[in-house]
Amino acid sequence: MREAERRGNLYEFGTLSKRLPRFARNDGLWHKDIFLKPIIMNPLRNHKSYIAAIGHRLSGIALAIFLPFHFLLLGTALEGAEGLDAALAFTDSPLVKIAEWGLVMLLALHLLFGLRVLALEFTNWPNHAETLSKWVLPSLVTSVFVGIIFLVHAF
Amino acid sequence: MERRLFVLQRLSAMLLALLVFIHLGLILFAVRDGLSAAEILGRTQGNILWATFYGLFVLLVAIHAPIGVRKVLQEWTGLPASTINSVCWGFALLLLVLGFRAVAAVV
Amino acid sequence: MNSKQLSVRIWRGKDNGGLETYQVPARENQTVLDVITEVQRLHAPDLAYRFACRVGVCGSCAMTVNGKPRWTCRTHVKKVADEGVLTVEPLRNLPRIKDLVCDLAPFIDTWQKAGAPFSGNQTRQQPPATVDPNSKARLTADAALQCINCAVCYSGCDVVNWNRDYLGPAALNRAWTLVNDERHGQRQQTFDQAFADGGCGNCHSHGNCTRLCPIELSPSQSIAGLKRLALTGLDKRY
């Protein structure tokens, strides 16, 4: 009974808030229903570790969705080089290039933020969480930089 | 089970970190003057080293990604646990099949 | 504080309640708990809130103050008031009962699920265990002791917010102290429970628990310790 009560009571209030993805909700606290405020102004979420965790997660989701298509594209080479070339022609369109640029950036980001998670979990030195939060901004910058290199070459 | 999944995901992450680093380097190197099938296949075909590299890559990704997706679904959707587990098994198989097919195609 | 008055917005009612604003005199030295007490005495005698010791020992006065869970008795208004406005709400992630009072039962349940009960491995006929105060295990446990179950970390944890099955920082921190306690007879069971469904595999190292803990424990570090053990296996030396 207690378990049922516990699960039934989700303490999520407001109207818009309920439609937001869970990471953006405000859990019934007073800043409810103001779009974006839950993320940026929520005092529990406006810190670097949260940015890193959300960035890590969102990039991971994007990569997971992209992967099957990436494999399908390479699989076209089963029909020889012509098949792959035909598929690569598709990737020549600017829109696809932009998407690829995004994915290269996200891959770099997922790698760098992932290294941070591994360091947080599997190393232990004084103040390591604090020190590792300094890793967040350089990771973002590096990923954008990697993306730019890709974009410059791809066009 | 949870513990095994956790260990699998973190161990695969450690290896993937290295592989992704090489992969990213290769992407930036390969796109210097556009991508062509001849160039890609010229690099990969018949090369046992790249075959091993990409084979391992696919295997690790098929372990790493579904476990991560599982956590996301658990936390951000209200789907029942059994549904989430089936979806993730399906996703793992999809990645394995398509991944190895792709590796087979380019080597 | 320049203005003579302080606006206090306090959550009234249960889930579908709302914030009510009260005006109290702004004083040089006052804690959030002082202010709530003043509101209850002078303006809203039916205001429900919890406190006991008033000095940061019992952990019963935790509430959400301007968006962050805190001990209201150890929080000076000066430090947290946002342009002279104080917003006080019940803890999040817990069922609300009335006004500022939450039901802590789900939180206490997590402790049980994480294998929190101590179980000695000796009988009363045996001499007391001699724990070397400088042993690695003892020092590790030391760093995680002194938790008083105030639920601030549980309330601040986003993973708890997303996944009601997650045991949360406090319970896993407790499990970590037991895993490092050579007198504990069920170290393996505690470790297994801490890693079962809803256990430390769910922690994403957001670090809110460590950031918010009023006595500066680091539950995320404790959970990381458990995660490291998942790779290496439990130390069987004792």
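Which helices of chain C are included in what covers the buried residues of α7(C)? The legends below, which describe a predicted model, take up this question before turning to other views.

**Figure 1. Helix α7 of chain C and the elements that cover it.** The buried residues of α7(C) are covered by elements that include α3 (105-113), α4 (136-144), α5 (152-156), α8, α9 (208-212) and α10 (219-232) of chain C. Helix α7(C), which runs over residues 169-179, is largely enclosed by the rest of the structure, because 11 of its 11 residues are buried. Following the helix from its beginning, the reader will find P169(C), A170(C), A171(C), L172(C), N173(C) and R174(C) among these buried residues, and the list is completed by A175(C), W176(C), T177(C), L178(C) and V179(C).

**Figure 2. Residue Q189(C) in helix α8 of chain C.** Helix α8 of chain C covers residues 187-194, and Q189(C) is found in this helix, which is also among the elements that cover the buried residues of α7(C). Q189(C) counts as partly exposed because it has 13 C-beta neighbours inside 10 Å, where 20 or more would be needed for a buried residue and 12 or fewer for an exposed one. Although Q189(C) and G115(C) are 74 residues apart in sequence, their C-alpha atoms are 7.1 Å apart in space.

**Figure 3. The crossing of helix α4 of chain A with helix α4 of chain B.** The axes of α4(A), residues 48-75, and α4(B), residues 81-106, come within 8 Å of each other and cross at roughly 30°. An angle under 35 degrees counts as roughly parallel, and therefore α4(A) is described as roughly parallel to α4(B). The crossing in which α4(A) passes α4(B) is left-handed. On the side of α4(A), the contact is made by L67(A), P68(A), F71(A), L72(A), L74(A) and G75(A), while α4(B) contributes L94(B), L95(B), L98(B), G99(B), R101(B), A102(B), A105(B) and V106(B). Sorted by class, the residues of this helix-to-helix contact are 11 nonpolar, 2 polar and 1 charged.

**Figure 4. The contact between chain A and chain B.** Taken as a whole, this contact involves 31 residues from chain A and 32 residues from chain B. On the side of chain A that touches chain B, the elements giving two or more residues are α4, α5 (80-90), α6 (94-122) and α8 (136-154), and the largest share, 10 residues, comes from α4(A). The residues on this side of chain A divide into 24 nonpolar, 4 polar and 3 charged.

**Figure 5. The fold of chain A, built from helices without strands.** Chain A has 8 helices and 0 strands, and 32% of its 155 residues count as buried. When contacts in chain A between residues at least 6 apart in sequence are considered, 52% of them join residues at least 24 apart.

**Figure 6. The fold and dimensions of chain B.** The secondary structure of chain B comes to 4 helices and 0 strands, which follow one another along the sequence in the pattern α-α-α-α. Along its principal axes, the C-alpha trace of chain B spans about 45 × 25 × 25 Å, and its radius of gyration is 16 Å, whereas a compact globule of 107 residues would have a value near 13 Å. Of the 107 residues of chain B, 29% count as buried. Among the contacts in chain B with a separation of 6 or more, 79% are accounted for by residues 24 or more positions apart.

Technical notes. Residues numbered from 1 in each chain as written. Chains lettered and ligands numbered in written order. Predicted model: local features only at pLDDT ≥ 70, side-chain atom pairs only at ≥ 80, totals over all residues. Axes fitted to C-alpha atoms, helices over the stretch in contact; angles between N-to-C directions. Parallel < 35°, antiparallel > 145°, perpendicular 65-115°, else oblique. Left-handed = near helix turned anticlockwise from the far one by under 90°. Contact = placed C-beta atoms within 7 Å. Nonpolar A, V, L, I, M, F, W, Y, C, P; charged D, E, K, R; others polar. Rg over C-alpha atoms; globule rule 2.2 N^0.38 Å.
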